[in-house]
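Visitor: I have a model open and want to go through a helix pair and a pocket. Can we start with the helices?

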Amino acid sequence: MQYNIGDCVSVLDEDITGVVTGVKGNMVSIETEDGFILQFDVKELVASGNNNLIAETAFDTASLAQVVAEKEIAKRKTAKRVKPKERAQLALEVDLHVDKLVKTTKGMTNFDMLNLQLDTAKHKIEFAIRKRIKRVVLIHGVGEGVLKSELETLLRRYDSIKFYEADYRKYGVGATEVYIIH
């Protein structure tokens with residue numbers, strides 16, 4: 001199908017109509033009703049409006065169905081499937097050190113800082129449950145052990161969670177690894 005500058009066209013798989021502003025090979029530039037200039041392949045466009053192209057255009061349902069089928073196949077191929085083994089190996093790492101969570105601790109008490117760390121851990125655990133992430137590593141540091149014991153209390157409230165010391169070689173003694181059972 002040949003389009004000329006000034007022809008009214010519509011895009012097949014989107015709700016876009018416009019006027020042809022340029023043709024270069026198989027690519028057609030159109031100006032939308034909102035004033036945007038967009039480029040489409042000739043196969044993606046259909047003549048519309050009250051211009052002379054409607055009389056010339058003879059679409060049969062087979063060719064239209066073929067174009068739509070090509071679009072659907074192209075869309076399906078773009079999604080990359082992640083294998084279950086790879087998904088299980090992914091881990092969400094959450095650093096709970098206060099200096100990583102806020103810019104400054106000025107005006108915060110130790111109680112405020114602990115609550116901020118626990119709230120962050122709780123939100124990340126619930127996020128992982130919603131997104132079906134199997135492993136979460138909570139990096140809490142060594143310190144006096146207050147945050148670690150509070151995290152253990154928090155994690156015991158969940159039925160679908162098991163937690164252990166994280167890999168010593170990677171995290172040292174200041175991290176807890178959480179496994180979410182779906």
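Guide: This is a predicted model. Helix H5, residues 110-130, packs with helix H6, residues 146-156, and their axes are 11 Å apart.

Visitor: At what angle do H5 and H6 pack?

Guide: About 40 degrees. Angles under 35 degrees count as roughly parallel and 65 to 115 as roughly perpendicular, so H5 and H6 are oblique to each other.

Visitor: Is the crossing of H5 and H6 left-handed or right-handed?

Guide: The crossing is right-handed.

Visitor: Which residues make the contact?

Guide: From H5, Leu114, Gln117, Leu118, Ala121, Lys122 and Ile125. H6 contributes Val146, Leu147, Glu150, Leu151, Leu154 and Leu155.

Visitor: How does that contact divide into nonpolar, polar and charged?

Guide: There are 9 nonpolar residues, 1 polar and 2 charged.

Visitor: Now the pocket. How much space lies in the largest one?

Guide: About 340 Å³. The lining has 15 residues, and the closest to the pocket centre are Leu114, Gln117, Glu144, Val146 and Leu147.

Visitor: Which element gives the most to that lining?

Guide: H5, with 4 residues. H5 and H6 each supply at least two.

Visitor: And the lining by class?

Guide: The lining of the largest pocket has 6 nonpolar, 7 polar and 2 charged residues.

Conventions: Residues numbered from 1 in each chain as written. Predicted model: local features only at pLDDT ≥ 70, side-chain atom pairs only at ≥ 80, totals over all residues. Heavy atoms only, no water. Axes fitted to C-alpha atoms, helices over the stretch in contact; angles between N-to-C directions. Parallel < 35°, antiparallel > 145°, perpendicular 65-115°, else oblique. Left-handed = near helix turned anticlockwise from the far one by under 90°. Contact = heavy atoms within 4.5 Å. Nonpolar A, V, L, I, M, F, W, Y, C, P; charged D, E, K, R; others polar. 1 Å grid on protein atoms, 1.4 Å probe; cavity = no way out; pocket = protein on both sides within 12 Å on 5 of 7 lines; lining within 4 Å. Points joined across faces, edges and corners; volume = space filled by probe spheres on them.
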